[in-house]
Amino acid sequence: MSEASEEEEEEEEEEVTPEPEEDSDDSSGEEAAGNTEMDFLRNLFSSTLGLGSPEKVLDELTLEGVARYIKSGKCKNIICMVGAGISTSAGIPDFRSPGTGLYANLQKYNLPYPEAIFQVDYFKKHPEPFFALARELYPGQFKPTICHYFIKLLKDKGHLRRCYSQNIDTLERVAGLEGEDLINAHGTFYTSHCVSCKKEYNLDWMRDKIFSDDIPRCEGCSSLVKPDIVFFGENLPVRFFTSMKMDFPRCDLLIIMGTSLQVQPFAGLVGRVPKSCPRLLINMEKAGQADPMLGLLGFGGGMDFESDKAYRDVAHISTCDDGCLDLAELLGWKDELQELVQKEHARIDSLDQKEKAGESKGASAAKSSASEAPEAKKEE
């Protein structure tokens, strides 16, 4: 990514940044613009004058080098950036894969174009396609993947500072990440709000509506109720912007998994870590790379895996699950990770069986009550 494009991305970021709440410490637009200009000038002078050469932290640009760094004890503030690719092995499609991605399979909803299903203006006029899709993808039907539990293991071992997720499937929470551990950059199904009066509804309320084929409407004003996922044309959560300003300057290892790094401002986060901070990409293809020509001039925070100046970026090309297993093995955590996945999946299956048994018992009781009612009336 070039410095010029990074500046443009930060300008784009300002456009979508919501107005800060009264108790928020979010800086003003003028401050953000000033920071952008200072970063640009700092990088320009350091590259032109040969000043501030970044420290090389990894002893080699491989997964083994990353593992040795984590084991060294110097790595206590890992940030994970994750996208739809970490959930595909759970059965949830990503967005852009040809033939299998979500956008490639929306013809049945008769949309004017695929992205319309996530545009707020279209949703307010035609909510049916979105809620039909929500029935297929709704949280509670899928189990977290090996990758989700690897992130949980990072937390348990005291390495995880935060997980920034583009996903709306709530699987990070199911795997054991809590509110403070997680930034849902593109929102979540976890809560929903009325589009008019802003009354809040929980996950269970929304699930009951969606699976009863009802269009969810507010109990107070009868307007549509929308899950708190970020549609095109909506602002990202304020917490995304306030947290990134605290987290990324302190990051000592950035792990990026399952994302094409094509959506801003999320993709621009890779350039916010310190210049010496190693960055590991676990993905089916390389993503987020800097423009080669501008990279030679020292501009930009994009990934550099191959040039002569590469010093911190590592690309491990594999599925997210396989990559996490490979890294866990190098760290000596593989058996622990596999046991965690097995244990948690068994627990989820047990809860599902109990829930289904309860529903079956309730249905049987209702049927029995209905059949006994006429007889009771006859005795009276």
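Which residues is H186 in contact with, leaving aside its neighbours within four places in sequence? I opened the notebook with this question, and I return to it below after the general layout.

**Entry 1: the model as a whole**

I noted at the start that this is a predicted model. I looked up the elements of the protein chain and found 12 helices and nine strands. The chain has 380 residues, and 44% of them count as buried. I then looked up the accessible surface, which comes to about 19500 Å². Carbon and sulfur atoms hold 49% of that surface. For contacts with a separation of 6 or more, I found that 70% are between residues 24 or more positions apart.

**Entry 2: H186**

I looked up H186 because UniProt, in an unreviewed entry, places the feature "active site" there. H186 lies in the loop between β3 and β4, the latter being residues 187-194. Is H186 buried or exposed? Its relative accessible area is 15%, and the cut-off for buried is under 20%, so H186 counts as buried.

Now the opening question. Neighbours within four places aside, H186 is in contact with S165, Q166, I168, I229, V230, L236, V263 and F266. I picked S165 from this list for the next entry.

**Entry 3: S165**

I found S165 in strand β2, which covers residues 160-165. S165 is buried, with a relative accessible area of 0%. Which side chain makes a polar contact with the side chain of S165? It is that of E172, at 2.6 Å. I also listed what S165 touches beyond four places in sequence: V82, E172, L182, I183, N184, A185, H186 and F266.

**Entry 4: the six-stranded sheet**

I followed β2 into its sheet. Six strands form an open sheet with parallel pairing, in the order β3-β2-β1-β7-β8-β9. Why do β3 and β9 each have one side without a neighbour in the sheet? β3 (182-184) and β9 (313-317) are at the edges and each has a single partner strand, so one side of each is left open in this sense. From one strand to the next, I noted an average twist of 15 degrees.

I then looked at β1, residues 78-82, and its partners. β1 pairs with β7 (residues 253-257) in the parallel sense over five bridges. I79 has L254 of β7 as its bridge partner. Helix α11 (residues 320-331) packs on this sheet and touches β7, β8 (279-283) and β9. The direction of α11 makes about 135 degrees with that of β8.

β1 also pairs with β2, again parallel, over five bridges. M81 is a residue I could follow both ways: its bridge partner in β2 is Y164, and in β7 it stands opposite I256.

How many of the five residues of β1 are buried? I counted five of five, so the strand is mostly covered. In a regular strand the side chains alternate between the two faces of the sheet. I sorted the residues of β1 by side: I78, C80 and V82 are on one, I79 and M81 on the other, and all are buried.

**Entry 5: the three-stranded sheet**

I went next to β4, the strand after the H186 loop. β4 is in an open sheet of three strands with antiparallel pairing, in the order β5-β4-β6. β5 (200-202) and β6 stand at the edges with a single partner strand each, so each has one side without a neighbour in the sheet. The twist here averages 40 degrees from one strand to the next.

β4 and β6 run antiparallel and are joined by four bridges. One pair I noted is C194, opposite V225 in β6. Helix α5 packs on this sheet, touching β4 and β6, and its direction makes about 60 degrees with that of β6. Helix α8 packs on the sheet as well, touching β4, β5 and β6. The direction of α8 makes about 80 degrees with that of β5.

**Entry 6: helix α5**

Which residues of α5 (residues 128-137) are buried? I found P129, F130, F131, A132, L133 and A134. These buried residues pack against α4 (120-125), β4, α8 (203-211) and β6 (225-229).

How values were computed:
Residues numbered from 1 in each chain as written. Heavy atoms only, no water. Pairing = 2+ DSSP bridges. Helix = DSSP H or I, 4+ residues; strand = E, 2+ residues; numbered from the N terminus. Axes fitted to C-alpha atoms, helices over the stretch in contact; angles between N-to-C directions. Contact = heavy atoms within 4.5 Å. Buried < 20%, exposed > 50% of the residue type's maximum accessible area, 1.4 Å probe, protein only. Areas by Shrake-Rupley, 256 points an atom, 1.4 Å probe, with all protein chains shown as cover. UniProt positions renumbered as here; feature names shortened; annotations may be inferred. Polar contact = N/O pair within 3.5 Å; in protein donor to acceptor, adjacent residues only side chain to side chain.
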